[in-house]
Amino acid sequence: MNSILLPLLFKIFFFDIQTNETLPGVKIETNYGVYYSNLNGEISISSNEEIKNVSYVSYLTKNNLKINSDTIIRLKQLE
């Protein structure tokens, strides 16, 4: 009997680390494509995708993130 593994969808929420405000339009680059967070600062991606870069204008970029469940990512503004 063959098993079929279906990927899960993880929700990722983006917030400003200092103000705790949601960040709409965060750019997420994975091994499958480029996505942007919605107006509520969230996105759903497949569990089999690897996050290469997370970037937002005037914020520090995060690289090579490992996501194993629903996650909150807080971004820090450039100084």
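This passage describes the strands, the nonpolar core and selected residues of a predicted model.

The model is predicted, and local features were accordingly taken from residues with pLDDT of at least 70, side-chain atom pairs were counted only at pLDDT 80 or more, and totals for chains, interfaces and linings use all residues. Residues are numbered from 1 along each chain as its sequence is written, and side-chain values use heavy atoms, with hydrogens and water left out. The protein chain has a mean pLDDT (the predictor's confidence in each residue, from 0 to 100) of 94, and 97% of its residues reach 70 or more. Among the elements of the chain, strand E4 has the lowest mean pLDDT, at 95, and strand E2 the highest, at 98.

Strands are DSSP runs of E with at least two residues, numbered from the N terminus, and two strands are taken to pair if DSSP finds at least two bridges between them. An open sheet of three strands, with mixed pairing, has the order E4-E1-E7. Because E4 and E7 stand at the edges of this sheet, each with a single partner strand, one side of each is left without a neighbour in the sheet. Neighbouring strands are turned by 30° against each other on average, direction ignored, where the axes are lines fitted to C-alpha atoms and angles between N-to-C directions run from 0 to 180 degrees. Strands E1 and E4 run antiparallel and are joined by five bridges; Leu9 has Ser46 in E4 as its bridge partner, and Ile12 stands opposite Ile43 in E4.

A further set of pairings involves strand E5 (residues 51-55), which runs antiparallel to strand E2 (residues 27-30) and is joined to E2 by four bridges, with Ser55 in E5 as the bridge partner of Lys27. Strand E5 is also joined by three bridges to strand E6 (residues 62-65), again in an antiparallel arrangement, and Asn53 has Asn63 in E6 as its bridge partner. Six residues lie between E5 and E6 in the hairpin that these two strands form, and Ser58 in the turn has a positive phi of about 70°. Ser58 is partly exposed, with a relative accessible area of 47% (buried means under 20%, exposed over 50% and partly exposed in between, with a 1.4 Å probe and protein chains only). Leaving aside neighbours within four places in sequence, Ser58 is in contact (heavy atoms within 4.5 Å) with Gln77 and Leu78.

The largest nonpolar core, defined as a set of buried Ala, Val, Leu, Ile, Met, Phe, Trp, Tyr and Cys residues joined through side-chain atoms within 4.5 Å, contains 14 residues, of which Ile12, Phe14, Val26, Ile51 and Leu75 touch the most other members. Strands E1 (9-16), E4 (42-46), E5 and E7 (71-75) each supply at least two residues of this core, and E1 gives the most, with three. Strand E4 is mostly covered, four of its five residues being buried. Not counting residues up to four places away in sequence, Ile51 touches Ile12, Ile28, Glu29, Thr30, Ile45, Asn64, Leu65 and Ile67.

Ile12 is also touched by Thr71, whose contacts, with the same sequence exclusion, are Lys11, Ile12 and Phe13. Thr71 lies in strand E7, and the side chain of Thr71 reaches the backbone oxygen of Ser69 at 2.7 Å.

Terms used
A polar contact is a pair of N or O atoms within 3.5 Å; within protein, one must be able to donate a hydrogen and the other to accept it, and residues adjacent in sequence count only if both atoms are side-chain atoms.
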